[in-house]
Amino acid sequence: MSAADPLQYHSTRGGVPAVPISQAIAAGLAPDGGLYVPERLPTLDPAAFDPHGSLVDTAATLLMPFFAGDALADELPAICAEAFTFDAPLRALPAHPATLMLELFHGPTSAFKDFGARFLAACLRRLPRGDARPLTILVATSGDTGAAVAAAFHRQPNVNVVILYPDGLVSPRQAHQLGCFGDNVTALRVAGRFDDCQRMVKAALNDASLQAQRPLSSANSISLGRLLPQMSYYAHAALGWWREHGTPLNFVVPTGNLGNALACLWVRELGLPVGEVRLACNANATLPDYFAGAEYAPRDAIATLANAMDVGAPSNFERLRWTFPDEAHLRRLLRVQSVDDATIRRTLADHARAHGEVFCPHTATAMHLLDQLRADGDAAPWAVVGTAHPAKFESVVEPLVGHPVEVPAALAAMLARDTRAEPLAASDTTLRDWLMLS
Ligand SMILES: *Cc1c(COP(=O)(O)O)cnc(C)c1O
């Protein structure tokens, strides 16, 4: 095919016709239950990027081959500018001369989910819907996704957001944030676990008679509209490092559903200077076990201090297998390690004491992997990916570091607002009834 042909997107399960990217973004999940992937990953030349460009410029150059020829292509620079109103700085840490942190928590809800949620919202705003009734976006969240999606769609005309989160299983500040929006956003605290929330959302989305009454959509992490923009900060950081030092940059990524990590791996597949990639999981060891040689065995999630990574069945695993179809090659390519709660606690306390640095519990899993590499004598440049601001998890972090964590302005503003969440029993009919009546 020629370079001018627009890239088409098909399902990881291969059961549906290929579609242009705007249709894949509008749909979220492919109709056969698979995940949308491009028919091939394009190749990019590092020299094609403006050496003085901002994150927005890098994102527009990076993503253009994915959108070229599509209805959204002309709008792509505006979409990137609207979504990425905050930076993703690469900061040198005092722990070691070659240790850096890619800080992804400077958005409105202080976690990296803001990049994907805002990009998806900016795309959906521009896509025709063919239904004049308001669209209700359902989000099941283990903590950070719900707030990012709510913030991205807050006060948008003709859109409602309904968030389901497991009552008592998100941090107190996460809960406050989820309930503080009001207007077109409703928070439902479900008497159950994250898996229950996810099952209730899926049941509602698959309920044709409910959909006929009330058009529903989802904004979960399997949407290409959330995955693709996450490549931008890896590309921007790696290109900046490469221009200055002439070497690729290695990354350690805290991982749950594999969305953030896959974005990093895809940037390397595009031909940009990303070096080695290591993944840090919490005690949920589905991926670590697989990479240690076991059969892939999804399981129920267990609760940990890094709650946004409490995932037993990583939803992007299908995309990882699509990207690296040779299993032996995939297992050689990636190192994935499990980090338990005791180690998270120790890592947070050690870095606060030795270097005055404070991380969120998710970021601490990645920091632990790098601590081990340094202890083994590795002196290469590594960026630990900082996925959330520690102030979101102050009830875990502050007792370990022994002092209050400064609260970013956006989070402080949300915490100053009233918060409200309606209780809901964990069953498919309760959500159906709620949606019919509200
Ligand atoms: C969502 C999240 C993760 C996990 O990201 P995945 O893309 O699901 O792997 C890690 N840390 C934080 C703070 C998160 O919110």
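Arg173 is found in helix α6, which spans residues 172-179. The model is a predicted one. At 17% relative accessibility, Arg173 counts as buried because the cut-off for that class is under 20%. The points below treat the surroundings of this residue, the ligand site and the salt bridges.

**Arg173 and its surroundings**

- Leaving aside residues up to four places away in sequence, Arg173 touches Ala391, Lys392, Glu394, Val407 and Leu415.
- With Ala391 there is also a polar contact: the side chain of Arg173 reaches the backbone oxygen of Ala391 at 2.8 Å.
- Val56 lies 117 residues from Arg173 along the chain, and the C-alpha atoms of the two are separated by 30 Å.

**Ligand site**

- The ligand is surrounded by 14 residues, of which Lys113, Asp144, Gly256, Asn257 and Thr387 are the closest.
- By class, this shell comprises five nonpolar, seven polar and two charged residues.
- Two of the polar contacts involve an oxygen atom of the ligand: an N or O atom in the side chain of Asp144 is 2.6 Å away, and a backbone N or O atom of Gly256 lies at 2.7 Å.
- A nitrogen atom of the ligand is 2.8 Å from an N or O atom in the side chain of Thr387.
- The protein buries 97% of the 390 Å² that the ligand exposes when taken alone.

**Salt bridges between distant parts of the chain**

- The structure holds 22 salt bridges.
- One of them joins the side chains of Glu357 and Arg91, with an N to O distance of 3.0 Å.
- This pair links positions 266 residues apart: Glu357 is in the loop between α15 (341-355) and α16 (361-375), and Arg91 is in strand β3 (residues 90-92).
- Glu357 counts as buried at 11% relative accessibility, whereas Arg91 counts as partly exposed at 32%.
- Arg189 forms a salt bridge with Asp167, their closest N and O atoms being 2.9 Å apart.
- Here the separation is 22 residues, with Arg189 in strand β7 (residues 185-191) and Asp167 in the loop between β6 (159-166) and α6.
- Both partners are partly exposed, Arg189 at 29% and Asp167 at 36% relative accessible area.

**Salt bridge within a helix, and a network**

- The side chains of Asp196 and Arg199 meet in a salt bridge at 3.0 Å, N to O.
- These two residues are separated by about one helical turn because they are three residues apart in helix α7 (residues 194-205).
- Asp196 is buried, with a relative accessible area of 18%, while Arg199 counts as partly exposed at 39%.
- Elsewhere, Glu75, Glu82, Arg125 and Arg126 are joined into one network by salt bridges that share partners.

Note on methods: Residues numbered from 1 in each chain as written. Predicted model: local features only at pLDDT ≥ 70, side-chain atom pairs only at ≥ 80, totals over all residues. Heavy atoms only, no water. Near = heavy atom within 4 Å. Polar contact = N/O pair within 3.5 Å; in protein donor to acceptor, adjacent residues only side chain to side chain. Areas by Shrake-Rupley, 256 points an atom, 1.4 Å probe, with all protein chains shown as cover. Nonpolar A, V, L, I, M, F, W, Y, C, P; charged D, E, K, R; others polar. Helix = DSSP H or I, 4+ residues; strand = E, 2+ residues; numbered from the N terminus. Buried < 20%, exposed > 50% of the residue type's maximum accessible area, 1.4 Å probe, protein only. Contact = heavy atoms within 4.5 Å. Salt bridge = Lys/Arg side-chain N within 4 Å of Asp/Glu carboxyl O.
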